[in-house]
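Dear colleague,

Please find below the structure that I am handing over to you. I should be grateful if you would look through it alongside the notes that follow.

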Amino acid sequence: MRVSVPATSANLGPGFDTLGLAIAMKNQVVIKPSKFHSVSLRGEGSNNPALKDNNMFISIFNDFYHNLTHKKRNFRFEFQNEVPLSRGLGSSSAVIVSAIASAYAIEGIKLEKQKLLNLALAYENHPDNITPAVMGGFNVATVQDNEVRFLNKSIPKVLKAVVVIPNRPISTQLSRKALPYKYSKEDVIYNISHSSLLTAAFMSENWDMLKCASQDMIHQKYRMKHMPELFDVQKTALSNGSLMSTLSGSGSTLFSVAYVDDSRKLEKALKQKFPHFKVFTCDFDNVGVRIDL
Ligand SMILES: Nc1ncnc2c1ncn2[C@@H]1O[C@H](COP(=O)(O)OP(=O)(O)O)[C@@H](O)[C@H]1O
Ligand SMILES: N[C@@H](CCOP(=O)(O)O)C(=O)O
């Protein structure tokens, strides 16, 4: 059985803990029944011994598998990861979503996407990464009565994602601690209005509104000051054809959206100016988590 799940970019500027979309970079795992437990790891994280010995995917998978079947069985897990760890591209939600989906699928137990979202919430209590990881596309999501409520829209092929991935990770947990405890009424109103406008822009495919609508007052500046080069990345992107350029999740990646025709020029400008960072262009993902039995 093969399960794949896309990377995600959360917040999209003003939509803190609310907006997110899926990018066509994926983590994939092949799981086979086996006499002994074994793990192989390729791609992102493969040089991290902790991911072999104490792997979050395997512990979530085992918990669900045991609760569902009351059986103890050994498996071989073959991971092929494209999502870098702690770079704001939703590596932890990719793991949570794919581990839960795998535990159900390997026993042939049907799991609706809505239930998968609600189960994932126990591990990541903001829905802006788990929703696009499950559904693909652009998503606006909230949590009410312990359930994820969301609306979702495919992102058309005329747009590309251009990402700048710094060589330094930022842990989501620590990055959340860097935020103020209280905000002024002006900042809150600013973010509500921009986040609403950004949602309307994605839903109505009004791409020229993205630059204005993606402005934020409540998290980016506090987080980016710990890696000040990110302000320069953002400025460079916006002056080289980017339609919007925002801190991806809690960072450290800077995420931009561009028309296909502008994306090459944008990627080139970013590569030239930030040669020590990884820069690349990719499609959006409109499918979300995928299971091939
Ligand atoms: N491929 C993976 N396999 C196992 N655990 C992973 C993997 N990717 C991420 N993790 C776990 O998630 C943590 C990173 O979570 P977080 O700081 O929220 O980063 P991100 O912004 O990428 O979601 C890692 O320290 C690790 O525990
Ligand atoms: N809304 C969250 C999103 C965290 O995303 P991640 O990809 O950095 O885990 C936040 O901004 O903290």
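The notes below cover the largest pocket, the aromatic residues, the cysteines and some points of backbone geometry. Please keep in mind that this is a predicted model.

The largest pocket

The largest pocket has a volume of about 780 Å³. Its lining comprises 41 residues, and those closest to the centre of the pocket are Met56, Ser86, Gly90, Ser91 and Ser92. Where does the pocket lie with respect to domain 1 and domain 2? Because domain 1 (2–153 + 286–292) and domain 2 (159–282) both give residues to the lining, the pocket lies between them.

Several secondary structure elements each supply at least two residues of this lining. They are strands S2 (19–33) and S4 (75–81), together with helices H1 (50–53), H2 (56–69), H3 (91–105), H5 (127–135) and H6 (172–177). The most is given by H3, which contributes four residues. Sorted by class, the lining holds 21 polar, 14 nonpolar and six charged residues.

Aromatic residues

The structure holds 15 aromatic pairs. One of them joins Phe255 and Phe284: the ring centres are 6.3 Å apart and the planes stand at 80°, so the pair is edge-to-face. Phe255 belongs to strand S9 (residues 254–259), while Phe284 lies in the loop between strand S10 (278–282) and strand S11 (290–292), so this pair ties together parts that are 29 residues apart in sequence. Phe255 counts as buried because its relative accessibility is 0%. Phe284 also counts as buried, at 8% relative accessibility.

A second example is the pair of Phe274 and Phe277, whose ring centres are 6.2 Å apart; the planes meet at 10°, so this pair is stacked. Both Phe274 and Phe277 are buried. In addition, Phe57, Phe61, Tyr65, Phe75, Phe77 and Phe79 form one aromatic cluster.

Cysteines

How many disulfides does a search of the whole structure find? The search finds zero. As to individual cysteines, Cys212 counts as partly exposed because its relative accessibility is 42%. Cys282, with a relative accessible area of 10%, is buried.

Backbone geometry

Most residues other than glycine have a negative phi, and most peptide bonds are trans. Three places in the model may therefore be worth your attention in the light of that general pattern.

The peptide bond from Gly251 to Ser252 is cis, with omega near 15°. Ser252 is found in the loop between strand S8 (244–247) and S9.

Asn11, a residue other than glycine, has a positive phi near 80°. Asn11 lies in the loop between strand S1 (2–10) and S2. With a relative accessibility of 3%, Asn11 counts as buried.

His70 is not a glycine either, and its phi is positive at about 55°. The loop between H2 and S4 contains His70. Is His70 buried or exposed? His70 counts as exposed, because its relative accessibility is 63%.

With kind regards

Terms used:
Residues numbered from 1 in each chain as written. Chains lettered and ligands numbered in written order. Predicted model: local features only at pLDDT ≥ 70, side-chain atom pairs only at ≥ 80, totals over all residues. Heavy atoms only, no water. 1 Å grid on protein atoms, 1.4 Å probe; cavity = no way out; pocket = protein on both sides within 12 Å on 5 of 7 lines; lining within 4 Å. Points joined across faces, edges and corners; volume = space filled by probe spheres on them. Nonpolar A, V, L, I, M, F, W, Y, C, P; charged D, E, K, R; others polar. Domains from an automatic or database assignment. Phe/Tyr/Trp six-rings, centres within 6.5 Å; stacked < 30°, edge-to-face > 60°. Buried < 20%, exposed > 50% of the residue type's maximum accessible area, 1.4 Å probe, protein only. Disulfide = S-S within 2.5 Å.
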